[in-house]
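Q: Please take a close look at the salt bridges in this model. I'd like to know where the partners sit and what surrounds them.

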Amino acid sequence: GREHLTNLSVRTQTQNATPLITGFVIGGTTAKQVLIRAAGPAIAQAPFNVPGTLGDPTLQVFRGNNTIAQNDDWNTPAANGTAVTAATARTGAFAFRAGSNDAAIVSTLQPGPYTVMIGGGNGTALAEIYEVLANNEVAGTRRLANTSARGLVSPGNPLIAGFVISGTIPQRVLIRGIGATLGAPPFNVPGVLANPQLTLFRGTTALKTNDDWFRDADAAFIRDAAARGGAFALGAQSVDAAMVIYLEPGAYTAQVSGPTGANANNSTGIALVEVYESNL
């Protein structure tokens, strides 16, 4: 019943020059088995029916600059398909159709930070990371501690990060939607979303929205949680978005979008969404 982040997912557009990049950290002191998936064709079908999906996603997993795993079609080779099918059933993830061009891998990873890159052309893709518990393993002893994703935001196409909190008591989390700081040193990312807005949902219910993090009533807690979690600092009055919130166990989505109304012409660009465990 220990509370912690488990399943993590990100949905956004990909382009040849702008792949979907998502990162995660494995906490604890021993290796953890994870299922990592890149869904394109799977989310074009019922019950998802997402238009304009990526037809043949490719999946690469990095530790630092080193590629440690990669896949194109999830059931090629056959042994990979067998492992993915078993892990999919164990985690409760929706099944991929046999022979589809979705990508997936199962890998046992040591504690530390990892990056997942999804490419394969232009279209909407879903990146998913699931912890795969061993028989009799206590949830939370080796956990996914935080996740981040960088992708393209445009009108009607927000950057969406999903996560699940397991356990029986509320979990304090730090959620950030970053654009302006990405465009400044030391990152210097071109074409960023200048003024991101961040909205947290449970189902279809919006729980909280933030535009400029320093205007939030909890700005001091946001700054402290970032420092405790090892996140890079935001400028004192940067127009990035962030929130700290206690959440009951369950499934949530964090949505990063651009401004609306008179400033809607600035609503396209690269953004970063981050979700951190933030226990005091």
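A: Let's start with a word we'll need: a residue is buried under 20% relative accessible area, exposed over 50%, and partly exposed in between (1.4 Å probe, protein chains only). This is a predicted model, where local features need pLDDT of at least 70 and side-chain atom pairs count only at pLDDT 80 or more, while totals for chains, interfaces and linings use all residues. Residues are numbered from 1 along each chain as its sequence is written, and side-chain values use heavy atoms, with hydrogens and water left out.

Take Arg228, which counts as exposed because its relative accessibility is 57%. Its salt-bridge partner is Asp224, and their closest N and O atoms are 2.8 Å apart. (Salt bridge here: a side-chain nitrogen of Lys or Arg within 4 Å of a carboxyl oxygen of Asp or Glu.) Asp224 comes out as partly exposed, since its relative accessibility is 32%. Why are the two separated by about one helical turn? Because Arg228 and Asp224 are 4 residues apart in helix α3. (Helices, H or I with at least four residues, and strands, E with at least two, are DSSP runs numbered from the N terminus.)

There's a little network to spot too: salt bridges with shared partners link Lys208, Asp216 and Asp218 together.

Now head for the strands, where you'll find Glu131 and Lys32. Their side chains form a salt bridge at 3.4 Å, N to O. Glu131 belongs to strand β8 (residues 123–131) and Lys32 to strand β3, so this pair ties together parts that lie 99 residues apart in sequence. Is the pair buried or exposed? Glu131 and Lys32 are both buried.

Compare that with one link of the network, the salt bridge between the side chains of Asp218 and Lys208, at 3.8 Å, N to O. Here Lys208 is in strand β13 (205–210) and Asp218 is in the loop between β13 and α3 (219–229), so the parts being tied together are 10 residues apart in sequence. Asp218 is partly exposed, because its relative accessible area is 26%. Altogether, the structure has 7 salt bridges.

Back to the home of Glu131. In β8, 9 of the 9 residues are buried, so the rest of the structure largely encloses this strand. Look at its two faces and you'll see that both are covered: one side has Gly123, Ala125, Ala127, Ile129 and Glu131, the other has Thr124, Leu126, Glu128 and Tyr130, and all of these are buried.

What about the home of Lys32? Strand β3 runs antiparallel to β8, and 6 bridges join the two. (Strands pair if DSSP finds at least two bridges between them.) In this pairing, Ala38 stands opposite Ala127 of β8. β3 is also joined to β6 by 7 bridges, again antiparallel, and there Leu35 faces Val106 of β6. Of the 7 residues in β6 (residues 103–109), 5 are buried, so this strand too is largely enclosed by the rest of the structure.

Leu35 leads us to one more neighbour, Thr88. Thr88 sits in helix α2 (residues 78–91) and is buried, because its relative accessible area is 8%. Setting aside neighbours within four places in sequence, Thr88 is in contact (heavy atoms within 4.5 Å) with Leu35, Arg37, Ala93, Phe94 and Ala95.
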